[in-house]
Amino acid sequence: QTHIYTLFFSEKEQLVPATVNSCGDGTLVLTTDYGEVLYLQQAEVTRERVYAMHQSSIDGVEDMSALAELHEAAIMHNLYQRYQKDSIYTNIGSILAAVNPYKQISGLYDPERVDRYSKHQLGELPPHIFAVANECYRCIWKRHDSQCVLISGESGAGKTESTKLLLQFLSVMSQKSSGTPQSEKTTRVEQAIVQSSPIMEAFGNAKTVYNNNSSRFGKFIQLHFSEGGNIQGGCIIDCILIIYRK
């Protein structure tokens, strides 16, 4: 019977996920999850350098706070496994990690997905940016307090698109609360806010290695909700130019 051993091993002071191919003739042959084949002599195999991967890392988790091994290699391995399955969203407790798929994923943001997440609390469905947006919308009424979502990441990570998706979800919830038919949504305040993003981008975007439309500024978008739950207005409080220097 053949056994496949999945493990982490230390390479140049960095842990790397790998699978054991063979261990004959005093040589351990490993294949990393990223396709590289490595050969370790028996003397190099120590408990400090090579150890078995925990089952939670092998199976993958939706919330990485549940990982038994919480280090950089385990986090990257979990994100990589989910990315391979087009699961681009992963929770880390109350934080949502999003990996830009650089492609369209069918049904990920369609109206049916919006409706589904609007009916469930955070944690009841797989990680999604709509789950975060819905939790914020619910907490406005549950805690009677303002809510804030911080979106950060490197160039091309998808910050601008994530902002648009949050606004899209909140726009739909606003329309539902006021009983507005979908056919009339183009005349409403929330739709104007959603459509303002391309205008702002035209004033300060640039091309980078990863992104043809990279924002050169930070945006603080503020939405004002009525007691009935619909958006009554909004504004962009500040624009901060980001200057890169060598």
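At 51% relative accessibility, Tyr102 counts as exposed, because the cut-off for that class is over 50%. Tyr102 is a convenient place to enter this model, which is a predicted one. The residue sits in the loop that runs between strand 7 (95-98) and helix 3 (111-118). Its C-alpha atom is separated by 9.4 Å from that of Ala157, a residue 55 positions away along the chain.

With that starting point in place, the chain as a whole can be described. Its secondary structure consists of six helices and 11 strands. Of the 246 residues in the chain, 35% are buried. The accessible surface comes to about 15,500 Å², and carbon and sulfur atoms account for 52% of this surface. Contacts can also be sorted by how far apart their partners lie in sequence. Among contacts between residues at least 6 apart, 40% join residues that are at least 24 apart.

The loops in the earlier part of the numbering give several single residues to look at. Asp25 is found between strand 2 (14-22) and strand 3 (27-32), in the loop that links them. The phi angle of Asp25 is near 55 degrees, which is a positive value in a residue other than glycine. Asp25 is exposed, because its relative accessible area is 83% and the class begins over 50%. Further along, Thr46 lies in the loop between strand 4 (37-41) and strand 5 (50-52). Thr46 has a relative accessible area of 31% and is therefore partly exposed. Between the C-alpha atoms of Thr46 and Ser10 there are 10.0 Å in space, while the two residues are 36 apart in sequence.

Next comes the loop between helix 1 (55-59) and helix 2 (72-84), which holds Glu69. Is Glu69 buried or exposed? Glu69 is buried, because its relative accessible area is 11% and the limit for buried residues is under 20%. The side chain of Glu69 has two polar partners to follow in the model. One is the side chain of Ser57, with which the Glu69 side chain makes a polar contact at 2.8 Å. The other is the backbone nitrogen of His54, which the side chain of Glu69 reaches at 3.2 Å.

From this loop the path leads into helix 2, where Asn78 lies. Asn78 counts as buried, because its relative accessibility is 1%. Which residues does Asn78 touch, leaving aside its neighbours within four places in sequence? The contacts of Asn78 are with Gly60, Val61, Met64, Leu67 and Thr90. With one of these, Val61, there is a polar link: the side chain of Asn78 reaches the backbone nitrogen of Val61 at 2.8 Å. Asp63 is 15 residues from Asn78 in sequence, and their C-alpha atoms are 9.7 Å apart.

After helix 2 the chain passes through a loop on the way to strand 6 (89-92), and Asp86 has its place there. Like Asp25 above, Asp86 is a residue other than glycine with a positive phi; for Asp86 the angle is near 65 degrees. Asp86 has a relative accessibility of 33% and therefore counts as partly exposed.

The model also contains enclosed empty space. Rolling a probe the size of a water molecule over the atoms shows where such space is left. The structure holds two cavities of 30 Å³ or more. The second largest has a volume of about 30 Å³. Which residues line the second largest cavity? Its lining is made up of Asn91, Gly93, Ser94, Ile95, Leu96, Leu122 and Val132. Four of the lining residues are nonpolar and three are polar, with no charged residue in the lining.

The last stop is helix 5 (residues 159-178), which includes Gln175. Gln175 counts as buried, because its relative accessibility is 2%. Gln175 and Ile231 are 56 residues apart in sequence, and the distance between their C-alpha atoms is 8.3 Å. The walk that began at Tyr102, an exposed residue, thus ends at Gln175, a buried one.

How values were computed. Residues are numbered from 1 along each chain as its sequence is written. This is a predicted model: local features need pLDDT of at least 70, side-chain atom pairs count only at pLDDT 80 or more; totals for chains, interfaces and linings use all residues. Side-chain values use heavy atoms; hydrogens and water are left out. Helices (H or I, at least four residues) and strands (E, at least two) are DSSP runs, numbered from the N terminus. Buried means under 20% relative accessible area, exposed over 50%, partly exposed in between (1.4 Å probe, protein chains only). Contact means heavy atoms within 4.5 Å. Accessible areas come from the Shrake-Rupley method with a 1.4 Å probe; for residues, only the protein chains shown count as cover. A polar contact is a pair of N or O atoms within 3.5 Å; within protein, one must be able to donate a hydrogen and the other to accept it, and residues adjacent in sequence count only if both atoms are side-chain atoms. On a 1 Å grid over the protein atoms alone, a cavity is a set of points where a 1.4 Å probe fits but cannot get out, and a pocket is an open set with protein on both sides within 12 Å along at least five of seven lines; lining residues have an atom within 4 Å of a point. Grid points are joined across faces, edges and corners, and a volume is the space filled by probe spheres set on the points. Ala, Val, Leu, Ile, Met, Phe, Trp, Tyr, Cys and Pro count as nonpolar, Asp, Glu, Lys and Arg as charged, and the others, Gly among them, as polar.
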